[in-house]
Amino acid sequence: MSVQDAERIHREAIIIDDVCPLVQTRKYLDWYQEGGFTACAPTVAIYENAWQTVKELGAWHDHVRRNPDLVIVRRAADIEQAKRDGRFGLILHFQNTDPIENDLNLVDAYKALGVGVMQLCYNVRNRVGTGATEEKDEGLSRFGEKFVARCHDARVVVDCSHTGRQTTLDAIAASQRPIIFSHANPKGAFDCQRNIDDTQIRAIAEKGGVIGMVGYAYFLGREQKPTLDTYIDHMDYLVRVAGVEHVCIGLDYFRFQVPVATDAEAQAMYDAAISSGKWSRETYLPPPYYYPAGIETPRTMINLTRRLLERGYSEDAVKKIYGRNLLRVYRDVWGE
């Protein structure tokens, strides 16, 4: 296809980044809008307790009130309306269940505040199950089973990213609705603790869910500066195993990447994450952190569109991966 075709497809597509810790610093929302995105999923909480999380949610609601080009997404139709109106959608997302503490009523409380996606674990063990970097995974806990059931009732999307293999399989089996990996790459393309195997990939697809392709370098391989083709190679693998209907984008841009943070800031973050046990040296290498060449930030997402078309992806496939697949899941879980 021509350059003009790529620009048209990019302009027409609903483009969703299914996880974006970067916009915890609000000014980087502009980068997403510049890159042609329709919506993204800000990380609202990871290890925060309930009170800290409610305060952060209040800050997001205040930010949206003061910026009328933004909208908090509660239904799939909100994303489609944002596209028509030239506004930008925010899919509020937890990257852990620590904010639930031991009270499942908080699932409903957070849902009322606009949180539509909740991730089970962040690398380590918690009340619901085991994280991806623990040595032993005993699966979903009894509390975890109740959590998944409550998410079904409250119409919250369950996210298995950063979660141990058995815990993810238990959650998928326990859920009555589609489940997602908002950001996880295939072990078949690169084997590390944070990536997922073919059994997990197929289980998500069979449940009707999606898997978001990550741009973080060390989930793509051991090259500090990955290429765009390496990123697409991982996508090719997911498409072969799961089918194109079960792949989406979860780039995972974050505040300590190049060119956002200084080397000193990124190193301080890394040292703290290692000492706390939240990251392991085997999976998370030291900075600097570069994202694939051409999409180093969300501002240049058009480059991925061009390269996908050059690699043989059809217009329909690109639009499914960019947003349609997620919209299907959101409709199923959240309703219209």
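The exercises below, each with a worked solution, concern strands, one buried histidine and aromatic rings in a predicted model.

**Exercise 1. Strands β1 and β2**

Find how strand β1 pairs with strand β2, and follow the chain from one to the other.

Solution.
- Step 1. Locate the strands: β1 covers residues 16-20, and β2 covers residues 39-45.
- Step 2. Look at the pairing. Three bridges link β1 and β2, in the parallel sense.
- Step 3. Trace the connection. After β1 the chain passes through helix α2 (residues 29-34) and then reaches β2. This β-α-β crossover is right-handed.
- Step 4. Pick out partners across the two strands. A39 in β2 stands opposite I16, and C40 in β2 is the bridge partner of D17.
- Step 5. Check burial. Five of the five residues of β1 are buried, and in β2 seven of seven residues are buried.

**Exercise 2. Other partners of β2**

Which strands besides β1 are joined to β2, and in which sense do they run?

Solution.
- Step 1. Take strand β4, residues 88-90. Two bridges join β4 to β2, and the strands run parallel.
- Step 2. Name a pair of residues: L90 in β4 is the bridge partner of C40. C40 is also the bridge partner of D17.
- Step 3. Take strand β5, residues 92-94. Here too β2 is joined by two bridges, in a parallel arrangement.
- Step 4. Name a pair again: H93 in β5 stands opposite T43.

**Exercise 3. The surroundings of H93**

Is H93 buried or exposed, and what does its side chain touch?

Solution.
- Step 1. Place the residue: H93 belongs to strand β5.
- Step 2. Compare its accessibility with the cut-off. Residues under 20% relative accessible area count as buried. H93 has a relative accessible area of 0%, so H93 is buried.
- Step 3. Look for a polar partner. The side chains of H93 and D159 make a polar contact at 2.9 Å.
- Step 4. List contacts, leaving aside neighbours within four places in sequence. Among them are D18, V19, T43, V117, Q119, D159 and S182.

**Exercise 4. Aromatic rings**

How are the rings of Y330 and W334 arranged, and where do these residues lie?

Solution.
- Step 1. Start with the total: the structure holds 21 aromatic pairs. Y330 and W334 form a stacked pair, with 4.1 Å from centre to centre and 10° between the planes.
- Step 2. Check the label. Planes under 30 degrees apart count as stacked, so the angle of 10° fits.
- Step 3. Place both residues in helix α12 (residues 315-334), where they are four residues apart, about one turn of the helix.
- Step 4. Check burial. Y330 has 0% relative accessibility and therefore counts as buried. W334 is at 8%, so W334 counts as buried too.

**Exercise 5. A cluster and two charges**

Which residues form one aromatic cluster, and which charged ends sit over a ring?

Solution.
- Step 1. Name the cluster: Y216, Y218, F219, F254, F256, Y270, W279, Y284 and Y289.
- Step 2. Find the arginine. The charged end of R26 sits over the ring of W60, 3.8 Å from the ring centre.
- Step 3. Find the lysine. K225 has its charged end over the ring of Y290, 4.7 Å from the centre.

Technical notes: Residues numbered from 1 in each chain as written. Predicted model: local features only at pLDDT ≥ 70, side-chain atom pairs only at ≥ 80, totals over all residues. Heavy atoms only, no water. Buried < 20%, exposed > 50% of the residue type's maximum accessible area, 1.4 Å probe, protein only. Pairing = 2+ DSSP bridges. Right-handed = clockwise from strand over helix to strand, strands pointing away. Polar contact = N/O pair within 3.5 Å; in protein donor to acceptor, adjacent residues only side chain to side chain. Contact = heavy atoms within 4.5 Å. Phe/Tyr/Trp six-rings, centres within 6.5 Å; stacked < 30°, edge-to-face > 60°. Lys NZ or Arg CZ within 6 Å of the ring centre and 35° of its normal.
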